[in-house]
Amino acid sequence: MEQQALVIALVGILGIGAQWIAWRTGWPAIVLMLAAGFISGPLLHIVDPETAFGPMLEPMISIGVALILFEGGLSLDFRELNKYGDGVWRLVIFGVPLGWLFGSLAAYYVAGLVWPVAILFAGILVVTGPTVVLPLLRQSNIKQRPAGILKWESIVNDPLGALCAVIAYEYFRLSADGATVIEVVPPLLIAAAFSGVIGYAAAWVLAWVFPRGLVPEFLKVPVLFVTVVGVFVLCNLVEHEAGLVAVTVMGVALANMNVASLRSVHPFKQNIAVLLVSGIFILLSASLDFEELRSFEWRFGAFLLALLFLVRPATILISLMFSRVPWNERLFLAWIAPRGIVLVAISGLFALRLEELGYADGSILIGLSFAVVVATIVAHGFTVNLVARLLKITGESRPGLLIVGATPWAIALAKQMHELKTPVLVVDAAWGRLKPARAAGIPTYHGEILNEATEHNIEMGPFQVLVAATDNEAYNTLVCSEFAPEIGTDSVYQLGEAADDSDHRKLPASLKGRGLFASGLGITDVRQRQMEGWVFRRTKLSDQFNIDDAKDVLPDAANMLLLLKPDGKMRFFTHASAPEPQPGDTIVSYSPPRDQAAPAPAAEKKSTRSTGGGKREQKARA
């Protein structure tokens, strides 16, 4: 009991710790989690999942994978297919059989496996899986279409790969008794389709029950997850691994039924997915056995190279032939295909069954599947951003600013940041209010930011900071609370008075975004200053011109708004915190016009002193 509790705690610490280090350093999270599990397991023998959990380990991992697939399905909106559906359907319809074919040839001719084992293993290799692809996409900066195609492929093809392995196994098992392909395959496909129907029916029942108040709010999340586990187990009784098909269909169906009450579930299910992915990866790598690694031969290394450089590229390039996907994106998709826990879990299961059927190569599958996971995770994890840059499919390199509300103040801020080369997008539901921004050449979006359709029309990836600047403080608060889980609570800001939880007439700080300006200027204050002609100014700091010099240059009434780092990162001055300026930073301040500003001759003289060759560069500029 104590050992199990210790292992669970260590798995959590190692998994989440690896995710945190990845966030701080930018290193691939999946590689760090794999390394943490390997060091704590076979290397130091601190974590031994099989000893701690015994026969419970396999069902624990299976249910975890099912929940991850369901969570991934909830993120698949059919409206996304309007942008990149052509590529997705091709990778499902053509990519799965082609990958199975090419993988079988490589496993037989290169790895030297016997045909039955080669065909079954190649079926499993069709999967990429959300357990590896989603963390990889979270860590990388890739354009929306290739990232979306990878996401859809990983979630949809995961159960299909498992189904391919089941079909291969059942055929070789029954063919010994004289069964033909026609007698084996159709019943399996019917069982998979029936499981999909069960998953859809479960989604329909939840979509009907939740809005009608038949399930109280505090029970919705437990009911949802218990239903997922129940559907998974039930469909696995119908046909082994058919449960993966059911939970994927259930997630996709729920995502497209517009169930309003599910919105409150999203933050929770994302947290659950992070915990599951972290835990499963630690368990996966900690379960690795050195004895299995010793069976690794040179031909398996050649097989890994064939898998990376021949099988995947041929599958993608043929599947996407004559499609609308650009060539640079095709080449990127041809390289990125990390494998994860589903591959190892299914390989381990069928390795034992193949041995029972008399295929000696079955025992090789466990070590070979681990080798595939390690090779693809390391190769793709460390090269995803490099390949994306070389093929020019990276997103915006500088962090972007999303401004909600086309007020005069907001448009003035957008102009200033646009001049500073910061990607800016102004969003407003009124077409007329966006006219000044369009006239200034600033990107705009005409629509309601809170509408679910907006997230499919706006590529949110480049925007790491949101400023809600409408004339309605309550609406600004609603926007910030809506986007805080996605962008981060420390990256959503709003115009409005400083929160005061002791005043019951004001909105609580827990709902609001961070208040702009250290002085806590409210909407009325900003509107009045804008009418008086206040403007934004920018001041560049250097070793010879520090923050105190900048304060001397600016009028006494000026308010510092944000600090722009040389790499484009933005740090705002708020009533609760102030960033620490460094040489090379640019301060953007909100200031009265020159004719209203008190003169500061000494400061002006100091700010315009000569530096390096007589150039006068340290000026506050309007």
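Leaving out neighbours within four places in sequence, Arg339 is in contact with Leu125, Val127, Thr128, Val132, Leu307, Val372, Val373, Thr376 and Ile377. That is where I will start, and I should say at once that this is a predicted model.

So where does Arg339 sit? It is in the loop between helix H16 (327-335) and helix H17 (341-356). Is Arg339 buried or exposed? Its relative accessible area is 7%, and because buried means under 20%, Arg339 counts as buried. As for its polar side, the side chain of Arg339 reaches the backbone oxygen of Leu125 at 2.9 Å. Leu125 is also one of the contacts I listed a moment ago. In the backbone, the C-alpha atom of Arg339 is separated by 6.5 Å from that of Gly129, although the two positions lie 210 residues apart along the chain.

Now the salt bridges. The structure holds ten, and I will go through three of them.

The first on my list is Glu170 with Arg173, where the closest N and O atoms are 2.6 Å apart. Both residues belong to helix H9 (residues 144-175), and their spacing of three residues is about one turn of the helix. The two partners differ in exposure class: Glu170, at 13% relative accessibility, counts as buried, whereas Arg173, at 33%, counts as partly exposed.

Next is Glu419 with Arg538, with the closest N and O atoms 3.0 Å apart. This pair links distant parts of the chain, since Glu419 is in helix H19 (residues 408-419) and Arg538 in strand S7 (residues 535-540), 119 residues apart. Here the arginine is the buried partner, with a relative accessible area of 12%. Glu419 is partly exposed, at 48% relative accessibility.

Last is Lys512 with Glu473, whose side chains meet in a salt bridge at 2.7 Å, N to O. Lys512 lies in the loop between strand S5 (492-494) and strand S6 (514-515), and Glu473 in helix H22 (residues 473-487), so the pair ties together parts that are 39 residues apart in sequence. Lys512 is buried, with a relative accessible area of 14%, and Glu473 is partly exposed, at 26%.

To go back over the partners: on the buried side we have Glu170, Arg538 and Lys512. On the partly exposed side we have Arg173, Glu419 and Glu473.

How values were computed
Residues are numbered from 1 along each chain as its sequence is written. This is a predicted model: local features need pLDDT of at least 70, side-chain atom pairs count only at pLDDT 80 or more; totals for chains, interfaces and linings use all residues. Side-chain values use heavy atoms; hydrogens and water are left out. Helices (H or I, at least four residues) and strands (E, at least two) are DSSP runs, numbered from the N terminus. Buried means under 20% relative accessible area, exposed over 50%, partly exposed in between (1.4 Å probe, protein chains only). Contact means heavy atoms within 4.5 Å. A polar contact is a pair of N or O atoms within 3.5 Å; within protein, one must be able to donate a hydrogen and the other to accept it, and residues adjacent in sequence count only if both atoms are side-chain atoms. A salt bridge is a side-chain nitrogen of Lys or Arg within 4 Å of a carboxyl oxygen of Asp or Glu.
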